[in-house]
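Colleague: I would like a close look at the metal site in this model. Please take it slowly and place it in its surroundings.

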Amino acid sequence: MLLPVGGGWLAAVLALGFCTAASADDVLFENVRIFDGKSAALSAPSNVLVKGNVIERISTAQIAVAGALRVAGNGRTLMPGLIDNHWHAMLARTTPAQAFGDVGFNNLVAGDEATDTLMRGFTTVRDVGGPVFGLKRAIDEGIVKGPRIYPSGAMITVTSGHGDFRQLTDLPRTIGGMLTRMEQLGGAMVADSPDEVRVRAREQLMQGASQVKLTAGGGVSSPFSPIDVTTFTEAELRAAVEAAENWGTYVVAHAFTPAAIRGAIAAGVKCIEHGFLMDEPTAKLIAEKGVWLSMQPLPEDLRLGFPVGSVQRAKADEVWPGIARSYELAKKYKIKTAWGTDVLFSRALAQQQGAILASLARWYTPAEALVMATSTNAELLALSGKRNPYPGKLGVVEQGALADLLLVDGNPLDNINLIADPANSFKIIMKDGVIYKNALTK
Ligand SMILES: [Zn+2]
């Protein structure tokens with residue numbers, strides 16, 4: 001064992017004493033009732049010690065510790081930080097024009113939005129498309145306050161697929177020629193053969209993607225991508241799956257229709273996004289194969305935001321009724337269901353992130369919804385395997401887990417709408433053992 005030097009040596013000696021020594025950064029939550037991310041009821045009044053970035057000890061007895069910051073919980077709820085598994089950190093608040101325009105401005109907007117995201121109690125997001133690697137690095141290095149980000153990088157699409165935002169005036173493309181603006185920025189990459197898919201998938205992994213995102217079917221917001229089209233061939237999808245699995249991780253695919261979902265599953269995709277037009281046999285298949293279904297209770301405001309008469313509005317009108325039906329099918333067949341929001345291009349909707357989670361109350365109890373947004377979502381994140389940027393346990397309050405914690409004024413298992421009002425409900429927001437909000441010291 002190496003002997004620590006200087007002050008570290010003194011601390012090591014003290015640590016061998018009778019009472020646990022703590023550094024000034026350690027935090028002791030006293031008299032809190034714990035929602036652990038898994039069970040449907042709160043714990044008995046407990047004390048929780050956070051040492052460094054880890055939950056060190058949980059006990060109903062007093063924890064003797066010197067030097068830690070003591071937080072008087074007064075019976076409030078301590079719960080895991082929330083996880084949004086379908087987020088676009090670079091696209092949530094910006095406008096489409098800004099997203100493909102001024103890069104510097106868009107990064108600053110995304111940085112500010114990342115801070116807001118964390119202040120809503122979301123300590124982790126899985127980013128499923130967008131040039132997010134720089135923002136993730138700035139957050140991890142402490143330059144910008146924001147959530148942990150599981151990045152996909154550019155979403156990979158076919159010509160005219162979901163994510164191809166080119167206009168007809170951009171056609172025809174010169175084969176082997178210049179990249180489009182969208183591709184240069186790393187927002188989306190167009191790939192029309194297995195070899196092209198392989199290159200683009202590996203490029204995302206090279207930049208640090210924790211999973212690879214493809215759009216295996218038409219989408220609502222893309223201008224030239226009909227919903228019924230199953231864009232990629234199975235061989236193309238499989239090329240991405242092989243690249244991802246070679247790196248120890250997985251492919252996540254956007255898909256609405258039974259054909260798109262089935263093609264993705266046949267190619268080895270491990271997580272389907274949306275799935276809103278699935279039929280009963282397809283729901284059964286998803287369950288049988290143990291594939292994840294990542295769904296979003298998309299708000300009605302999002303549909304109404306597309307102008308009447310536009311191609312996007314027509315597609316939204318086709319997809320939206322499927323949302324409720326899909327949640328019912330997911331419950332019926334006990335599909336492994338993750339939760340996310342998919343907010344795009346709207347600061348007002350981004351501010352509704354917690355409210356969108358609370359809207360799951362239409363199909364789930366508050367406990368079921370909160371388990372989904374914490375421990376279940378964390379289970380999906382762990383599929384990133386060796387590409388997991390934050391090894392350690394997320395989404396739970398238990399000894400040894402990473403210390404992403406919310407101190408809630410009230411019991412969200414009784415009243416899930418507390419999650420929709422983070423400014424008032426969340427008295428403390430901690431990520432990785434660091435307190436980013438403390439409304440108790442006022
Ligand atoms: Zn999305």
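How are the donor residues of the zinc ion spaced in sequence?

Modeller: The spacing is H-x1-H-x253-D. This is a predicted model, and what follows should be read as a description of that model. The two histidines of the pattern are His 86 and His 88, and the aspartate is Asp 342. Each histidine binds the zinc ion through NE2, while Asp 342 uses OD, and the distances run from 2.0 to 2.3 Å. Both His 86 and His 88 are buried, so each has under 20% relative accessible area.

The sheet comes next. Strand S8 covers residues 82-87, a range that takes in His 86. This strand belongs to an open sheet of 3 strands, ordered S8-S9-S10, with parallel pairing. S8 and S10 (148-151) are the edge strands; each has a single partner, so one side of each is left without a neighbour in the sheet. On average, and ignoring direction, neighbouring strands here are turned by 15 degrees against each other. S9, residues 122-127, is joined to S10 by 4 bridges, and the two run parallel. One pairing is Thr 124 with Arg 148 of S10. Helix H3, residues 103-119, lies across S8 and S9 and runs at about 125 degrees to S9.

H3 also takes part in an enclosed space. The model has 1 cavity of 30 Å³ or more, and the largest cavity has a volume of about 40 Å³. Its lining consists of Trp 87, Ala 89, Ala 110, Glu 113, Ala 114, Thr 117, Val 125, Pro 147 and Ile 149. H3 gives the most to this lining, with 4 residues.

There is also an open space to describe. The largest pocket has a volume of about 610 Å³. It is lined by 30 residues, and the closest to its centre are Val 220, Ser 221, Phe 306, Leu 344 and Phe 345. Helix H2 (96-99) and helix H10 (300-305) each supply at least two residues of that lining.

Earlier in the chain there is another set of paired strands. Strand S2, residues 27-34, is joined to S3, residues 46-51, by 4 bridges in the antiparallel sense, and Val 27 stands opposite Val 50 there. S2 also runs parallel to S6, residues 69-72, again over 4 bridges; Phe 29 has Val 71 as its bridge partner in S6. With S7, residues 77-80, S2 pairs in the parallel sense over 2 bridges, and Arg 33 stands opposite Thr 77.

The loop between S2 and S3 contains Pro 45. Its relative accessibility is 46%, and it counts as partly exposed because that value falls between the 20% and 50% limits. Leaving aside neighbours within four places in sequence, Pro 45 is in contact with Asn 31, Val 32, Arg 33 and Thr 60. Its C-alpha atom is separated by 50 Å from that of Gly 263, a residue 218 places away along the chain.

To return to the request: the zinc ion is coordinated by His 86, His 88 and Asp 342, and both histidines are buried.

Key. Residues are numbered from 1 along each chain as its sequence is written. This is a predicted model: local features need pLDDT of at least 70, side-chain atom pairs count only at pLDDT 80 or more; totals for chains, interfaces and linings use all residues. Side-chain values use heavy atoms; hydrogens and water are left out. Two strands pair if DSSP finds at least two bridges between them. Axes are lines fitted to C-alpha atoms, for helices over the stretch in contact, and angles run from 0 to 180 degrees between N-to-C directions. Contact means heavy atoms within 4.5 Å. Donors are N, O and S atoms within 2.8 Å of the metal (3.2 Å for Na, K and Ca); water is not among the atoms, so sites may look incomplete. Buried means under 20% relative accessible area, exposed over 50%, partly exposed in between (1.4 Å probe, protein chains only). On a 1 Å grid over the protein atoms alone, a cavity is a set of points where a 1.4 Å probe fits but cannot get out, and a pocket is an open set with protein on both sides within 12 Å along at least five of seven lines; lining residues have an atom within 4 Å of a point. Grid points are joined across faces, edges and corners, and a volume is the space filled by probe spheres set on the points.
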